[in-house]
Structures are given as structure tokens and as C-alpha cells.
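Please follow the chain in the viewer as this explanation moves from a single side chain to the core and then to a pocket.

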Amino acid sequence: MIVSLPWPDKRLSPNARQHWAAVAKVKKLAREDARLLTRGAIAKHGVATFEGEDRIPVRITFYPPDRRRRDDDNMVGSFKAYRDGIADALGVDDRRFRPHYFFEDAEKPGRIDVEIGA
């Protein structure tokens with residue numbers, strides 16, 4: 001199952017210097033967006049149950065919205081709220097995820113594709 005998420009808000013970057021309350025609102029919204037988009041993908045395509053404590057392979061592919069240079073660790077950090085929302089939708093702890101990150105060329109408007117059970 002693949003979930004396509006919009007490019008994260010720039011305030012989610014670990015390098016962003018924002019007031020904690022402003023960042024908390026953006027994180028909450030991103031987490032909820034990921035939860036809803038994942039629930040939609042589950043309803044459309046179905047997904048295997050993830051009972052037990054086995055690791056869950058997850059392939060995360062970043063498609064930045066433009067050609068600006070970005071650090072891969074900052075892209076992964078910006079993805080954290082989305083990761084939590086996906087785990088919420090699946091009903092699992094995100095520590096079970098075994099992520100593999102891929103960084104592709106820019107594509108407008110930018111997105112992150114998450115393949116669960118890859």
C-alpha cells in the first residue's frame with residue numbers, strides 16, 4: 001500500500017526556529033493529515049494487519065518541490081509528524097517501522113510517498 005503525502009510545512013524542519021506553540025499546531029495538523037490519508041488508502045486498497053511485534057518494512061521516498069539543496073537528515077526530521085500519523089492509522093507503535101529512505105529529484109508540487117509493507 002502506498003500513501004502519498006504533501007511536502008511537509010517548512011516549519012517542521014529541524015532547522016526552523018519557531019515558537020514551540022506554533023510548531024505544535026503544525027505538527028498536530030501534519031499528524032492528522034497523515035492519519036486521514038493513510039486511513040483513506042487502507043479503505044481503498046486494504047492492508048495486512050500488523051499484529052504482534054514484528055518489524056514493519058516502510059519505504060519512504062522524498063520528492064522535493066524544487067531543486068534547492070536539502071539535507072537528507074532534515075527531510076527525515078520533517079517527516080516525523082507524518083510518521084506518527086501513519087502509525088496512528090495502523091494502530092501500531094512507530095518503533096516497529098523498519099524505514100528505508102530514498103531521495104529523488106524534484107517534482108512539483110513535492111510529495112513524500114510511503115510504501116507500507118514494502
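Leu37 lies in helix α1 of what is a predicted model, and because its relative accessibility is 38%, between the limits of 20% for buried and 50% for exposed, Leu37 counts as partly exposed. Once residues up to four places away in sequence are set aside, Leu37 touches Val3, Ser4, Leu5 and Pro6. Ala89 is 52 residues from Leu37 along the chain, yet the C-alpha atoms of the two are separated by 8.8 Å.

Leu5, one of the residues touched by Leu37, leads on to the interior, since it is among those with the most contacts inside the largest nonpolar core, a set of 26 residues in which Phe79, Ile86, Phe97, Ile112, Val114 and Ile116 are likewise listed. At least two residues of this core are supplied by each of β1 (2-6), α1 (20-45), β2 (56-63), α3 (80-90) and β4 (111-116), and the largest share, five residues, comes from α3. Phe97, leaving aside its neighbours within four places in sequence, is in contact with Arg55, Ile56 and Val58, with Arg83, Ile86, Ala87 and Leu90, and also with Val92.

The largest pocket, finally, has a volume of about 380 Å³, and of the 16 residues that line it, Trp7, Lys10, Ser13, Arg70 and Ser78 are the closest to its centre. Helix α2, residues 72-78, gives the most to this lining, with three residues. In chemical character the lining of the largest pocket is mixed, with six nonpolar residues, six charged and four polar.

Technical notes:
Residues numbered from 1 in each chain as written. Predicted model: local features only at pLDDT ≥ 70, side-chain atom pairs only at ≥ 80, totals over all residues. Heavy atoms only, no water. Core = buried A, V, L, I, M, F, W, Y, C linked by side-chain atoms within 4.5 Å. Buried < 20%, exposed > 50% of the residue type's maximum accessible area, 1.4 Å probe, protein only. Helix = DSSP H or I, 4+ residues; strand = E, 2+ residues; numbered from the N terminus. Contact = heavy atoms within 4.5 Å. 1 Å grid on protein atoms, 1.4 Å probe; cavity = no way out; pocket = protein on both sides within 12 Å on 5 of 7 lines; lining within 4 Å. Points joined across faces, edges and corners; volume = space filled by probe spheres on them. Nonpolar A, V, L, I, M, F, W, Y, C, P; charged D, E, K, R; others polar.
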